[in-house]
Amino acid sequence: MGSDLFALSALSRELNATLSGGRIDKIQQPETDELRFYMRANGRNLCLVASCNASVPRLHVTKSKKQSPMTAPNFCMLLRKYLSNAYVDSAGIYNSDRILYVKFNAKTEMRDDAQFYLFVEIMNRYSNIVFTDSNLVILDAVKHLPLDSARDHVVMRGVRYSPVVQRKISYLNNCFPIIDTFKSGDLRKHIQDNISGFSGTTVSELLLRAGLPEQIDDFTPEMSASLKNQIEKFRAIDGFSPCIIGTEAYPMQYRCLCGVKDVKHFDTMSEAYDSLNTEIDAGVRNRARLKSISAQAKRLHSRVEKNIAMDLEHLKECENMDTFRIYGELIVNNIYKIKRGDSVLKCLDYYENKEVEIKLDPQLSPSKNSAAYYNKYNKLKRTKEFVEKKLASDRNLLGYVCSIEEEIANLPFDSSTVPIEEELAALGGVKRKSSKGKVRKEQSEPPYIYLVDGFYIYRGKNNLQNEELTFKLASSCDLWLHLKNDHGAHTVIITEGREVPDKVLKIASEITASTKQASADVDHTLRRNVKRQPNGHLGQVIYDNFKTVLAVPDAHTEYLIKH
């Protein structure tokens, strides 16, 4: 959500008209930094979302939905205590700054009238949500800022709420004396450095509508009057026409952005902000929730690579094991040359037809020196056999871990991470979470299901689904697809004995390759030709009698069946 005060001012007017008189029915806190108020206002059921996430701070009406935790956080419980069945009195801008407030009329436990305020500070990484009583004494906040870290802006329970002191003057206040101090130079920079509330784009629009250039040699009284008049219009502007231009929401079509083609118009500011922020918020939340398991998978990947490096090092030590066998044999064949106390045996190596020097232990007899070399050979031989099997297993495991990383990279926002966490836990990459108190039972997620010209196409989201699709859902005559020599999802076309048309095969191949950035080879074969990889992990298979096609990545969401 943009922190432009001009847009926030338009939003606050709209929220005041939309929410006033609304009765709070339910309060949720689906994220640690996000609140949702469900209410009935002006004959409509509305959901007001308030978030202080650093990437997407916002306060607007939303149509998006989120699932709440089984146990409500303390802040949410506090809001429910004071605001259940409360009414929205008003909404607006607080302190002429990028702070939106909602005032509530409620009843205390003794049925006395009471007022409460919810302040949402739209200040990017400094954003916060603060809940106060009618005297602005803080009851709680999402982020607590003690005196030693916040200095003049303290956010603690029992402290009177006071916003950050702005060094600039808001355009909503008397900012005209600041304009009068300008004589010449960069007018745009002068406004941005001294007047708060305008983003760079809004300053450009302000100057364009005032008919002023950015660089001015002599700032005349006429120019000053024109700029002041335009600021007055921005303060009093009404009849907004909200839109999204590029990646920002604006209360009206900006003339300075008339060359931008990507413009979307909306009926309300909330609709514009909701359309802009919902997708961004989903991406931010998805990256945050995947950050932990991504790091766990990365650590597991590094550990397996380290094990493979150690395996290769051990195999390198076994490269010369035959030399010890030959030395043992040469000592036996030349035992007559060895005298007690000799430390070296010089003899002919008839394998290489050259003379060699063999070190001996003077404390051992010739036969025991020979046995010592044979023991070294046998030990290295056993080591080589063991390490070769371990190396194959480690390389197999590395491929499996890479497939998990691929799952994480392509996991949709609305998909559960539990199957991936279970896979990592089974590999020892993460400790299983202890379940204390109430735990919502996770339902098994369905795979992606497509319907193309009467053919059902299934694509797995994780290794567990890949395993189930291939070996439980698909029959022997169904068509099975996978990326060639690469990690990816298993895709199955349910044929029911029918021949698969080229169009269906092409679309299924493109769906299989949809996680790639460029065209990729996709193998397809009958399910009967697919077998589990010996000693492999979930979803690891081998197959034969396949054909390969070059597919362009395409998720084909138009064929996707919604659950």
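Modeller: Before we look at any loop, a word on names: helices are DSSP runs of H or I with at least four residues, strands are runs of E with at least two, and both are numbered from the N terminus. This is a predicted model, in which local features need pLDDT of at least 70 and side-chain atom pairs count only at pLDDT 80 or more, while totals for chains, interfaces and linings use all residues. Residues are numbered from 1 along each chain as its sequence is written, and side-chain values use heavy atoms, leaving out hydrogens and water.

Colleague: Thanks! Let me start with aspartate 97: where is it found, and what makes you call it buried?

Modeller: Aspartate 97 sits in the loop between β5 (87-93) and β6 (99-107). Buried means under 20% relative accessible area, exposed means over 50%, and partly exposed is in between (1.4 Å probe, protein chains only). Aspartate 97 has a relative accessible area of 3%, so it is buried.

Colleague: And which residues is aspartate 97 in contact with?

Modeller: Contact means heavy atoms within 4.5 Å. With neighbours within four places in sequence set aside, aspartate 97 is in contact with Leu5, Met123, Val164 and Gln166.

Colleague: Two more acidic residues, then. Why do aspartate 311 and glutamate 329 count as buried?

Modeller: Aspartate 311, in helix α8, has 2% relative accessibility and therefore counts as buried. Not counting residues up to four places away in sequence, aspartate 311 touches Val387, Lys390, Leu391 and Asp394. Glutamate 329 belongs to helix α9 (residues 321-333), and its 18% relative accessibility makes it buried as well. Leaving aside neighbours within four places in sequence, the contacts of glutamate 329 are Tyr350, Tyr351 and Tyr374.

Colleague: How do you know whether asparagine 535 is buried or exposed?

Modeller: Asparagine 535 has a relative accessible area of 78%, so it is exposed. It lies in the loop between β24 (530-532) and β25 (541-543). Its phi is near 60°, a positive value in a residue other than glycine.

Colleague: What makes a positive phi worth pointing out?

Modeller: Most residues other than glycine have a negative phi. Aspartate 453 also has a positive value, with phi near 50°. Aspartate 453 lies in the loop between β19 (448-452) and β20 (455-459), and with a relative accessible area of 48% it is partly exposed.

Colleague: On to the helices. Why are α6 and α7 called oblique?

Modeller: Axes are lines fitted to C-alpha atoms, for helices over the stretch in contact, and angles run from 0 to 180 degrees between N-to-C directions. Angles under 35 degrees count as roughly parallel, over 145 as roughly antiparallel, 65 to 115 as roughly perpendicular and the rest as oblique. The axes of α6 (residues 200-210) and α7 (residues 221-236) cross at roughly 120° and come within 9 Å, and α6 and α7 are therefore oblique to each other. By class, their contact has six nonpolar, three polar and two charged residues (Ala, Val, Leu, Ile, Met, Phe, Trp, Tyr, Cys and Pro count as nonpolar, Asp, Glu, Lys and Arg as charged, and the others, Gly among them, as polar).

Colleague: And what makes α8 and α10 roughly antiparallel?

Modeller: Helix α8 (residues 269-317) packs with helix α10 (residues 366-409) at an angle of about 160°, with their axes 9 Å apart. That is why α8 and α10 are roughly antiparallel to each other. The contact of α8 with α10 has 16 nonpolar, four polar and 10 charged residues.

Colleague: Last one: what makes a set of residues a nonpolar core, and how many residues has the largest?

Modeller: A nonpolar core is a set of buried Ala, Val, Leu, Ile, Met, Phe, Trp, Tyr and Cys residues joined through side-chain atoms within 4.5 Å. The largest one here has 75 residues, and Phe37 and Leu227 have the most contacts inside it. Helix α1 (residues 5-19) gives the largest share of this core, eight residues. A second, separate core of 20 residues includes Ala297, Val304, Val387 and Tyr400.
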